[in-house]
Amino acid sequence: MYTKKIYFSGGSFHELQEVFSRVQGVVSATAGYINSEVESPQYEDVIRGKTGAAMGVEVSFNPKKIDVSMLMDILFTVINPYSKDRQGSCEGPMYRSGVYYDSAEDEPIIDYHMNFIRNRKKAPAATNAALTVNDPNHDPNGPRQCYAEAMRLKSFHPADEEHQGYLKRHPELSTHIDFALLEELGIIK
């Protein structure tokens with residue numbers, strides 16, 4: 001089966017991995033570190049801001065079942081691109097939001113989608129209320145600054161095995177993403 005890859009960041013990579021692993025057409029979602037300035041980054045160093053890496057996921061998908069634009073729609077449903085270096089209780093540059101690609105054919109689609117996100121004036125009705133309530137920069141009446149970055153992938157390093165499938169092993173943990181709502185809306189299975 002032919003697959004493609006796209007890389008997303010924004011908050012906890014545990015939460016993003018859980019979301020994308022449950023999307024129809026996604027073959028795998030791997031938690032890891034995106035665009036690290038050091039070779040073989042470790043979790044503790046990433047958390048301390050010593051690597052410049054974003055915590056995120058590598059999403060391998062079947063392009064016959066889902067495309068980059070649809071995956072970006074899901075990303076921007078579960079994260080707030082207008083919040084700088086923060087999603088839920090995760091705060092710091094390692095939690096920044098972004099879309100990273102290694103295929104030149106995806107660049108025009110990503111640019112188009114990002115222009116839409118950058119020019120959005122009001123929060124869409126379907127957006128999870130917790131995403132905007134927790135954002136100190138959110139102004140419901142005015143334009144918002146988009147902090148999500150979109151760039152070519154420089155590197156991706158999978159996180160240690162203990163971080164893979166973390167929420168599946170720890171379903172009791174609270175998250176800022178409403179998984180029940182995503183299931184109800186048919187976004188995840």
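**Exercise 1. What covers the buried residues of α4?**

Before we start, a word on the model: it is predicted, so local features need pLDDT of at least 70 and side-chain atom pairs count only at pLDDT 80 or more, while totals for chains, interfaces and linings use all residues. Residues are numbered from 1 along each chain as its sequence is written, and side-chain values use heavy atoms, with hydrogens and water left out.

*Step 1.* Find the helix. Helices are DSSP runs of H or I with at least four residues, strands are runs of E with at least two, and both are numbered from the N terminus. α4 covers 107–118.

*Step 2.* Pick out its buried residues, meaning those under 20% relative accessible area (exposed is over 50%, partly exposed in between; 1.4 Å probe, protein chains only). They are Ile-110, His-113, Met-114 and Ile-117.

*Step 3.* See how they are arranged. Down the axis of α4, the buried residues fall within an arc of 100°, so they line one face of the helix. The arc is that of the directions from the helix axis to the C-beta atoms. Pro-108 and Tyr-112, on the other side of α4, are exposed.

*Step 4.* Name the cover: it includes β1, α3, β6 and β7 (149–152). Contact here means heavy atoms within 4.5 Å.

**Exercise 2. Find the residues that touch the most other members of the largest nonpolar core.**

*Step 1.* Such a core is a set of buried Ala, Val, Leu, Ile, Met, Phe, Trp, Tyr and Cys residues joined through side-chain atoms within 4.5 Å.

*Step 2.* The largest one has 33 residues, and those touching the most other members are Ile-6, Phe-8, Val-19, Phe-20, Leu-71, Phe-76 and Val-99.

*Step 3.* Two or more residues come from each of several elements, including β1, α1, β2 (26–34) and α3 (68–78). The most come from α3, which gives seven.

*Step 4.* Look at Val-19: beyond residues up to four places away in sequence, Val-19 touches Ile-74, Val-78, Ile-177, Phe-179, Leu-182 and Ile-188. Another core, of ten residues, lies apart from the largest one and has Phe-13, Ala-31, Met-94 and Tyr-95 among its members.

**Exercise 3. Is Ser-12 buried or exposed?**

*Step 1.* Locate Ser-12 in the loop between β1 (4–9) and α1 (13–21).

*Step 2.* Its relative accessibility is 13%, so Ser-12 counts as buried.

*Step 3.* Check its company: leaving aside neighbours within four places in sequence, Ser-12 contacts Cys-90 and Tyr-95.
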